[in-house]
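The following exercises concern one protein chain. Please examine its sequence and structure before reading the worked solutions.

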Amino acid sequence: MGRMDHDPSSRVSFGCPDELLETLDEIADREDMNRSEKLRELVQKEVEAKGDLDAPQPVLPDDERLAEAYRILHERASAPHKSKRRVKLEMAKNKLYDNTTPKSAVLDEIIKPLESEGYVSVWTGNQHVWVIVPPMRYIIDGEDTVEPGEKAVA
């Protein structure tokens, strides 16, 4: 069982579906932790990942699944081609499929919704179909701005 080597100055209580807690408990058990330790670890990771409140915040889709997919595509398409960042559609499918979204559904369930929200576009070239990924946009001082060092491409 877990140890009590923390000094909690605050306690948090929240509702959560039973099935989700059961799965969390199983994960914690596998990692030789208790629920509280696992939750503290998850909160710590979230704060480390998103806790710099002074850093510019990226403009991302509201849907968390689409937001993560956009981050992945943006990272993968980091090398610009001419004036457009791009990634082959097949590579995008390989990077974005998972247990909940099979590779055959990535275009309809992830890429097309991202395209309809203006985060990517799909372009057919001579030999490949490409996913064009514009520069990341950020909210800086309340204004929507293209990432530093990048130019917006129409």
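**Exercise 1.** Determine whether Lys112 is buried, partly exposed or exposed, and state how far Lys112 lies from Val122 in space.

*Solution.* Step 1: the relative accessible area of Lys112 is 41%, and this residue is therefore partly exposed; buried means under 20% relative accessible area, exposed over 50%, and partly exposed in between, with a 1.4 Å probe and protein chains only. Step 2: Lys112 belongs to helix 5; helices (H or I, at least four residues) and strands (E, at least two) are DSSP runs, numbered from the N terminus. Step 3: between Lys112 and Val122, ten residues apart in sequence, the C-alpha to C-alpha distance is 8.4 Å.

The model is predicted, so local features need pLDDT of at least 70 and side-chain atom pairs count only at pLDDT 80 or more, whereas totals for chains, interfaces and linings use all residues. Residues are numbered from 1 along each chain as its sequence is written, and side-chain values use heavy atoms, with hydrogens and water left out.

**Exercise 2.** Describe the order of the elements in the protein chain and state what share of its residues is buried.

*Solution.* Step 1: the chain holds five helices and seven strands. Step 2: read from the N terminus, their order is α-α-β-α-β-β-α-α-β-β-β-β. Step 3: of the 154 residues, 26% are buried. Step 4: among contacts (heavy atoms within 4.5 Å) with a separation of 6 or more, 49% join residues 24 or more positions apart.

**Exercise 3.** Identify the residues of the largest nonpolar core that touch the most other members, and list the contacts of Val120.

*Solution.* Step 1: a nonpolar core is a set of buried Ala, Val, Leu, Ile, Met, Phe, Trp, Tyr and Cys residues joined through side-chain atoms within 4.5 Å. Step 2: the largest such core has 22 residues, of which Tyr70, Leu73, Ile111, Leu114, Val120 and Val131 touch the most other members. Step 3: two or more residues each come from helix 3 (64-76), helix 4 (89-96) and helix 5 (106-116), and helix 3 gives the largest share, five residues. Step 4: apart from neighbours within four places in sequence, Val120 contacts Tyr70, Leu73, Ile111, Leu114, Glu115, Val131, Ile132, Val133 and Pro134.

**Exercise 4.** Why do the buried residues of helix 4 line one face of the helix?

*Solution.* Step 1: the buried residues of helix 4 are Leu89, Ala92, Lys93 and Leu96. Step 2: viewed down the axis of helix 4, these residues fall within an arc of 100°, so they line one face; the arc is that of the directions from the helix axis to the C-beta atoms. Step 3: an α-helix has 3.6 residues a turn, so residues three or four places apart point the same way. Step 4: the buried residues of helix 4 pack against helix 3, strand 3 (84-88), helix 5 and strand 5 (129-132).

**Exercise 5.** Classify the crossing of helix 3 with helix 5 and that of helix 4 with helix 5, and give the residue classes of each contact.

*Solution.* Step 1: axes are lines fitted to C-alpha atoms, for helices over the stretch in contact, and angles run from 0 to 180 degrees between N-to-C directions. Angles under 35 degrees count as roughly parallel, over 145 as roughly antiparallel, 65 to 115 as roughly perpendicular and the rest as oblique.

Step 2: the axes of helix 3 and helix 5 come within 10 Å and cross at roughly 80°, which means that helix 3 is roughly perpendicular to helix 5. Helix 3 contributes Arg65, Leu66, Ala69, Tyr70 and Leu73 to the contact, and helix 5 contributes Glu109, Ile110, Pro113 and Leu114. These divide into seven nonpolar, no polar and two charged residues; Ala, Val, Leu, Ile, Met, Phe, Trp, Tyr, Cys and Pro count as nonpolar, Asp, Glu, Lys and Arg as charged, and the others, Gly among them, as polar.

Step 3: the axes of helix 4 and helix 5 come within 11 Å and cross at roughly 100°, so helix 4 is roughly perpendicular to helix 5. Here Leu89, Ala92, Lys93 and Leu96 of helix 4 meet Val106, Leu107, Ile110 and Ile111 of helix 5. This contact has seven nonpolar, no polar and one charged residues.
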